[in-house]
Amino acid sequence: MKKNEFFLEKINKNIGQFFKIDEIILKKKTKYQEILIFKNKKIGKILAIDNIIQTTSFDEFIYHEMICFIPIFSHKNPKNILIIGGGDGGCLKEILKINYINSITLVELDKKIIKYSKKYLYEIHKNSFYNKKIKILIDDGFIFLKKNTQKYDIIIIDSTDPIGPGKALFSKKFYTYCKNSLNENGIIVGQNGTYMYQKKNIINNFKIFKKLFQFQGFYQATIPTYFGGNMLFIWGSNNIDLKKINLKNLKNKIKLFHFKYYNFSIHINSFYLPQYLLNKLNKN
């Protein structure tokens, strides 16, 4: 792979998308996966793991704002947050905007992801790794939660797709460990891919969440880099229905901040799903 060649992200055996490589910043094979960071003149810096695009400096703010602030502003008073994955630091950057968050624990399997993100992806993390509120653990998220005894207000699953090391993070056992690690009013949120090309995984996770949580569902965001456009986030809670929104409280929370994608209307409308997806979910 060289400068001026094209990086191919294969979505499945029939389709994929190309990104021109204007500069290779890093290409390393770690104990767990292959990491590639390269530049594209239109999109900026791109992080790929095992040939799958993870994030870009072009539109990472959409993903990170949506996976963080929907649960944070749906909770009455979150104090401690657990992130599984998230080694690029994007979630850390966003959560640190909320001064009433007391602690953020990040559990990342591959320490090299954090090392290379710190060095090459400042645009995404903005040096958030060094804040005193943050505790970083190099561990398998599945094993960590299996042994965990602490309770969290919010758990964010910022994982890779369900292949390789990330596969266990989409299992019923893992989600059960998450449930057991939530406070009474706790909320779990995780990325679930795009429905058109990851239907099986999305429906399977929905079935699991229906068994584990009293309230559950999806919300969505439009993220150009991810093939298919509409990224789904799955959520679950046993005491908070994220779809029942206190409009006044939400407006008061949001008005204190300046976001690039997320806002009052986005929060409300992100829970409205296309009919083809609703039809499928209603069957399950």
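Here is a walk through this structure, from its packed interior to its pockets. Keep in mind that you're looking at a predicted model.

Let's start inside. The largest nonpolar core is built from 43 residues. If you want to find it on screen, look for Ile-72, Phe-73, Ile-95, Phe-233 and Tyr-262, which have the most contacts inside this core. Helix α1, covering residues 60-74, provides the largest share of the core, with 10 residues. There's also a second, separate core of 31 residues, and its members include Ile-188, Ile-208, Leu-273 and Leu-277.

Now zoom in on Ile-95. Which residues does Ile-95 contact, once its neighbours within four places in sequence are set aside? They are Cys-68, Ile-72, Ile-81, Ile-83, Ile-101, Ile-104 and Ile-156.

Next, meet Glu-94, which sits in helix α2, residues 90-95. Is Glu-94 buried or exposed? Its relative accessible area is 2%, and the cut-off for buried is under 20%, so Glu-94 counts as buried. Leaving aside neighbours within four places in sequence, Glu-94 is in contact with His-64, Glu-65, Cys-68 and Phe-69. The side chain of Glu-94 also has a partner in Lys-97: a polar contact of 2.7 Å joins the two side chains. For a sense of scale, try finding Lys-251, which is 157 residues away from Glu-94 along the chain. The C-alpha atoms of Glu-94 and Lys-251 are separated by 18 Å.

Ser-237 is another buried residue to look at, with a relative accessible area of 0%. You'll find Ser-237 in strand β13, residues 230-237. The side chain of Ser-237 reaches the backbone nitrogen of Ile-240 at 3.1 Å. Not counting residues up to four places away in sequence, Ser-237 touches Gly-186, Ile-187, Phe-213, Gln-214 and Phe-215.

Helix α3, residues 111-120, is our next stop. Which residues of α3 are buried? Ile-113, Ile-114, Tyr-116, Ser-117 and Tyr-120 are. These buried residues pack against several elements: the strands β3 (23-29), β4 (34-40), β5, β8 and β9 (134-138), along with helix α4 (122-125). Take a look at the start of α3 too, where a side-chain oxygen of Asp-110 comes to within 3.0 Å of the backbone nitrogen of Lys-112.

So much for the packed parts; what about the gaps? Rolling a probe the size of a water molecule over the atoms shows where empty space is left. The largest pocket holds about 760 Å³ of space. Its lining is made of 43 residues, with Gln-54, Ser-159, Thr-160, Asp-161 and Gln-191 lying nearest the centre. Several elements supply at least two lining residues each, among them β1 (6-10), β7 (80-85), β11 (182-194) and helix α1. Which element gives the most to this lining? That's β6, with four residues. Sorted by class, the lining has 18 nonpolar, 17 polar and eight charged residues.

The second largest pocket has about 350 Å³ of space. Of the 15 residues that line this pocket, Phe-73, Ser-74, Lys-76, Asn-246 and Lys-253 are the closest to its centre. Helices α1 and α8 (247-254) each supply at least two lining residues, and α8 has the largest share, with three. By class, the lining of this second largest pocket divides into five nonpolar, six polar and four charged residues. Notice that Phe-73 has turned up before: it is among the residues with the most contacts inside the largest nonpolar core.

Note on methods: Residues numbered from 1 in each chain as written. Predicted model: local features only at pLDDT ≥ 70, side-chain atom pairs only at ≥ 80, totals over all residues. Heavy atoms only, no water. Core = buried A, V, L, I, M, F, W, Y, C linked by side-chain atoms within 4.5 Å. Buried < 20%, exposed > 50% of the residue type's maximum accessible area, 1.4 Å probe, protein only. Contact = heavy atoms within 4.5 Å. Polar contact = N/O pair within 3.5 Å; in protein donor to acceptor, adjacent residues only side chain to side chain. 1 Å grid on protein atoms, 1.4 Å probe; cavity = no way out; pocket = protein on both sides within 12 Å on 5 of 7 lines; lining within 4 Å. Points joined across faces, edges and corners; volume = space filled by probe spheres on them. Nonpolar A, V, L, I, M, F, W, Y, C, P; charged D, E, K, R; others polar.
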